[in-house]
Amino acid sequence: MKYKITVILFISVLAGCNSNKRTSPPNLRTITDMAGRQVEIPMEIDSIFIDRHSVQLIYAFDTAAPVNTVFHYYETEKKYLKRSFYENKPYVLERSIEEITVLKPDIIVYSMPLAPENIEEADILQQKAQIPVVVIDMDILKYKEILAFTGELLNKKEKADELIRFVEEYVDPIFEKAKTIPPEKKRSVYYAEGMKGLNTDPSGSVHSLLIDLTGGDNVARVDVLPMKGMTSVSLEQIYTWNPELILVWSGNFDNMDSYREIKTAPSWANLKAVRENKVYQVPWRPFGWIDRPPGINRLIGVVWLSNLLYPDVYRQEDLPAVTKEFFQKFYHYEMTDEEALDLLNPQPAF
């Protein structure tokens with residue numbers, strides 16, 4: 001009788017061990033992503049499918065891991081990027097399920113606001129692709145948490161700590177000082193988008209968020225549009241708002257059509273910002289500094305924009321040095337003083 005009991009117990013133990021192996025294989029681990037989802041992923045991640053919002057985040061940790069590209073880069077942008085990041089990588093977006101499965105990434109990174117509909121999309125994507133989908137928040141106020149999570153995800157905690165220190169030293173103090181600027185002292189800003197500068201995003205939009213966070217007064221009084229934003233406005237509306245300063249995002253970048261239009265067209269000439277030469281092209285290389293995409297690229301944009309709006313408040317005396325440090329830590333690029341000054345002052349004379 002004792003023998004039979006021992007055999008039964010032994011078989012039960014074996015069954016338990018086998019059950020554990022089926023649910024938690026030794027080459028996999030279970031994580032909780034930033035949306036609170038339980039996801040089983042490889043112990044070591046070598047290949048990653050990226051979406052448009054996670055590009056710079058993943059690049060900061062691993063320049064070769066992405067299996068796809070989501071932007072077409074100009075030569076002036078490629079200069080600051082590792083070839084391993086974009087060379088021989090197909091242009092594939094997260095909605096192309098069949099193309100994703102062909103690439104066979106270890107994981108798919110889905111970086112979005114943590115809204116229920118976005119989490120549902122991540123679940124659907126994972127179910128269809130049969131590849132682990134890891135949701136990462138894209139809230140700029142949570143970037144220390146985002147960096148820490150990504151460091152754990154990719155087994156690169158030391159790199160995460162290095163990037164977090166940059167945020168703590170240069171970005172956090174700006175957000176705190178911005179809260180002290182009284183409403184009557186805020187500078188009014190128009191964010192000009194589109195080929196003619198007649199598109200914009202108001203306060204509350206993810207695309208113009210840095211104006212809010214650095215203490216500017218976004219003059220646009222229009223509805224916040226979802227996804228890509230860019231509400232159409234008339235020049236008459238802009239004259240009514242009459243901003244002190246115009247920030248320009250140019251959709252085709254190197255040609256700077258919007259900036260050229262605003263600076264040279266007679267129809268813009270009587271605006272306060274144009275008359276007083278307060279029209280500024282937003283730096284964009286290798287990614288937009290305040291938007292497009294609204295990713296980790298915005299961290300250096302916070303430093304640039306804050307000092308443009310309120311140099312006496314923020315007192316960042318060596319902006320080129322901070323720019324060089326950002327590029328070295330986040331983009332793995334050793335920048336010269338001349339390159340830093342060129343990026344910080346992209347305004348040509350017209």
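In this predicted model, Tyr191 has Leu247 of strand 10 as its bridge partner. Strand 10 covers residues 245–248, and four bridges join this strand to strand 6, residues 188–192. The two strands run parallel.

Strands 6 and 10 belong to an open sheet of four strands, ordered 8-6-10-11, with parallel pairing. In general, strands of a sheet pair through backbone hydrogen bonds, either parallel or antiparallel. The edges of this sheet are strand 8 (217–218) and strand 11 (279–281). Each edge strand has a single partner strand, so one side of each is left without a neighbour in the sheet.

Helices also lie against the sheet. Helix 11 packs on it and touches strand 6, strand 10 and strand 11. Helix 13 lies across strand 6, strand 10 and strand 11. The table gives the direction of each helix relative to one strand.

| Helix | Strand | Angle |
|---|---|---|
| Helix 11 (residues 257–264) | Strand 11 | about 165 degrees |
| Helix 13 | Strand 10 | about 160 degrees |

Helix 13 (residues 298–309) also meets helix 8 (residues 157–178): their axes come within 10 Å and cross at roughly 50 degrees. That angle makes helix 8 oblique to helix 13. The crossing of the two helices is left-handed.

Which residues make the contact between helix 8 and helix 13? Helix 8 contributes Val167, Tyr170, Val171, Ile174 and Phe175, while helix 13 contributes Leu299, Val302, Val303 and Ser306. Of the residues in this contact between helix 8 and helix 13, eight are nonpolar, one is polar and none is charged.

Technical notes: Residues are numbered from 1 along each chain as its sequence is written. This is a predicted model: local features need pLDDT of at least 70, side-chain atom pairs count only at pLDDT 80 or more; totals for chains, interfaces and linings use all residues. Side-chain values use heavy atoms; hydrogens and water are left out. Axes are lines fitted to C-alpha atoms, for helices over the stretch in contact, and angles run from 0 to 180 degrees between N-to-C directions. Angles under 35 degrees count as roughly parallel, over 145 as roughly antiparallel, 65 to 115 as roughly perpendicular and the rest as oblique. A crossing is left-handed if the near helix is turned anticlockwise from the far one by less than a right angle, and right-handed if clockwise. Contact means heavy atoms within 4.5 Å. Ala, Val, Leu, Ile, Met, Phe, Trp, Tyr, Cys and Pro count as nonpolar, Asp, Glu, Lys and Arg as charged, and the others, Gly among them, as polar. Two strands pair if DSSP finds at least two bridges between them.
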